[in-house]
Amino acid sequence: MLGKPSALFIYAIAFMIFLYGPVMLMPVFSLNDSTFATFPLKGFTTRHYASMLANTSMILSLKNSLVVGVIVSVTATAIGLPAAIALTRYRLPGGGPVLSAMMLPLVIPSIVIAVALLVIVLRFLHMNLSLWTVGAGHILLCIPFSMTVLMSRLEGFDKSLEEASRDLGENAWMTFVRVTLPLAAPGVISSLLLCFIISFDEFVVAFFLTGTENTLPVYLFSQLRFPNKLPGTLALGSAILLGSAILVVAADLLRKLGVQSAKPGDL
Amino acid sequence: MTSPKPRRQWPDWLAGYALLSPALLVMAATLAAPVIALFVLSFWSQTGFDIDRSFTLANYWKLIEPSSEPMVWMGIPFPFAYPVAAILMLKSLVMSLVATVVVIAMAYPMAYFLAFRVTRHKALWIILLTIPFWTSYLLRVFAWKIVLGYNGAINTGLKSLGIIEAPLEFLLYNPIAVMITLAHAWIAFTVLPIYVSLEKIDRSLLEAATDLGDSRWQRFWRVTLPLSAPGTIAAALLVFIPTVGDYVTPTLVGGPGGTMIGTLMQELFLRQDNAPLGAALAIVMMAIIAGIVALFLWAVGYSKMRERSR
């Protein structure tokens, strides 16, 4: 098998081309000197990016998305960490069902989550839609991801380190601050990054639950209908793709760092 | 010598639930309460701008109310007074099912390659498969509009190569475009779960099968595939369940012929202002999906399958 590429290897390469090909057209056309996303390519330009940066409503929705993303990721991680500690460190009756319930947002179509939140906010609580309602929906969507990342990190290091700290006289809180938190840090950071990306990229819940202010995906969606806005949309899309890719790689590297230091003696 | 302070020990379950309580409260407020509210609303009715809060089954009745003149769609008669709901429901289920089957058929060999053939740069392959998982769903769907559109990459590419004269119009705005786009958008979610289930397989079982005289295909059918089935089924459900209610893909690449149940739900809530009917539709959709999933898991003997592969 060595030397000659196997059929599976060729398949894997074709798979990667299918996975990345369509998305890669976006940056290609965004640098093309034309108002249409068409072949043949005309010439290189960065003017679409310049006009994107001059677009105030885009910048405003970018700001909204950043604010919502940061609040959501911090909140989801802050409530996820104690929950993950509870499910990995304590013998809990009903722990299994509780964890399954926390994974529910993964298997409910997001349009159902969106309309259910819309109904309770508008028809039962009689509140106005705003970026806060979007944030509430995003926190729910982030919980399964934050839990998965944090629990796998907490399971990855030796419990006896925490027991040692307790035996040496630290109380539960100081044990958490001086032992658990530093060891869990890579998981916490990758949970923060992943929840930020989920919120930053999420469209359906934001589309249903936003009031007068747009998040970036909602703004982007409103632009997709206008063919003359296409180059700016492509530039914006490419920038988002690049930004998310960088964050994902960063989160992954951090998680790897965590896994390595979990080996005894590596501390 | 000072004696150590006696530790105030909470019982494990109490301390555990205290730590869980913020998350459980958030889940109750953002998931349980809204779903209950949706359920309650589905028994009320819309009268102009107001909601009539008297209990009624009218919304559910509207979804199944029979009519003597069936509407025929794809050769199937739908004998309903409001046939659009039933038609879109069936269409969404079929489209997601096809997309799911395509996704699994494409993802499985990739996962197999990753688990059994990749020896070097495994981390690189995994991160390359992870990145699309986390990049904007909206943009991944939009990319297909650029690929398949009337003035899209395929049409203008083929035209500039001189293969076609006029743009092909059948590429975009139809159910096939929706299914291709759904498959592409969700495939990133499936490779890794299948890979994990393949990676867990005890290699000595495979060696045993070979030693006992199985050919490579026999070994795959009798050992590898059954042992990886639970992970593969879980991956399939993670695609099927959310795609039935997808809104983005039919809206962007579906056109009038590619609408799905999510499109109707959006119409009912945001345009036609008939939230109670929309709520009933959402409840019925979830019930149908849950029913299909339960039936499927029972039919394949999922719980026994999981026991075996442990």
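Here are some worked exercises on a predicted model of two chains, A and B.

Residues are numbered from 1 along each chain as its sequence is written, and chains are lettered from A in the order in which they are written. Local features need pLDDT of at least 70 and side-chain atom pairs count only at pLDDT 80 or more, while totals for chains, interfaces and linings use all residues; side-chain values use heavy atoms, with hydrogens and water left out.

**Exercise 1. Find which residues of helix 4 of chain A are buried, and what they pack against.**

Step 1: Get the terms straight. Helices are DSSP runs (H or I, at least four residues), numbered from the N terminus. Buried means under 20% relative accessible area, exposed over 50%, and partly exposed in between, using a 1.4 Å probe and protein chains only.

Step 2: Go through residues 95-102, and you get A:G95, A:V98 and A:M102 as the buried ones.

Step 3: Look down the axis of helix 4 of chain A: the buried residues sit within an arc of 65 degrees, so they line one face of the helix. That arc is taken from the directions from the helix axis to the C-beta atoms. The general background is that an α-helix has 3.6 residues a turn, so residues three or four places apart point the same way.

Step 4: Now for the partners, where contact means heavy atoms within 4.5 Å. The buried residues of helix 4 pack against helix 3 (56-89) and helix 6 (131-156) of chain A, along with helix 1 (12-41) of chain B.

**Exercise 2. Describe the interface of chain B and chain A.**

Step 1: Start with the contacts: 83 residues of chain B touch 83 residues of chain A.

Step 2: Add the area. About 7300 Å² is buried between the two chains, with carbon and sulfur atoms giving 82%. Buried area here is the accessible area (1.4 Å probe) that two parts lose on being put together, summed over both.

Step 3: Look for charge pairs. A salt bridge needs a side-chain nitrogen of Lys or Arg within 4 Å of a carboxyl oxygen of Asp or Glu, and the rule finds 1 across this interface.

Step 4: See who supplies the chain B side. Helix 1 of chain B gives the most to the side that touches chain A, with 21 residues.

**Exercise 3. Place the salt bridge of B:D273 and A:R123.**

Step 1: Check the distance: the closest N and O atoms are 3.4 Å apart.

Step 2: Locate both ends. B:D273 is in the loop between helix 11 (261-271) and helix 12 (275-299) of chain B, and A:R123 is in helix 5 (residues 110-124) of chain A, so the pair joins two chains.

Step 3: Read off the accessibility. B:D273 is partly exposed at 30%, whereas A:R123 is buried at 18%.

Step 4: Set this beside other pairs. The structure holds 7 salt bridges over all chains. Among them, A:E170 meets A:R178 at 2.9 Å, N to O; A:E170 is partly exposed at 23% and A:R178 exposed at 55%.

**Exercise 4. Work out the surroundings of A:R153.**

Step 1: Place A:R153 in helix 6 of chain A.

Step 2: With 8% relative accessibility, A:R153 counts as buried.

Step 3: Follow the side chain of A:R153, which reaches the backbone oxygen of A:L183 at 2.6 Å.

Step 4: Compare sequence and space: A:R153 and A:G187 are 34 residues apart along the chain, yet their C-alpha atoms are separated by 5.5 Å.

Terms used
A polar contact is a pair of N or O atoms within 3.5 Å; within protein, one must be able to donate a hydrogen and the other to accept it, and residues adjacent in sequence count only if both atoms are side-chain atoms.
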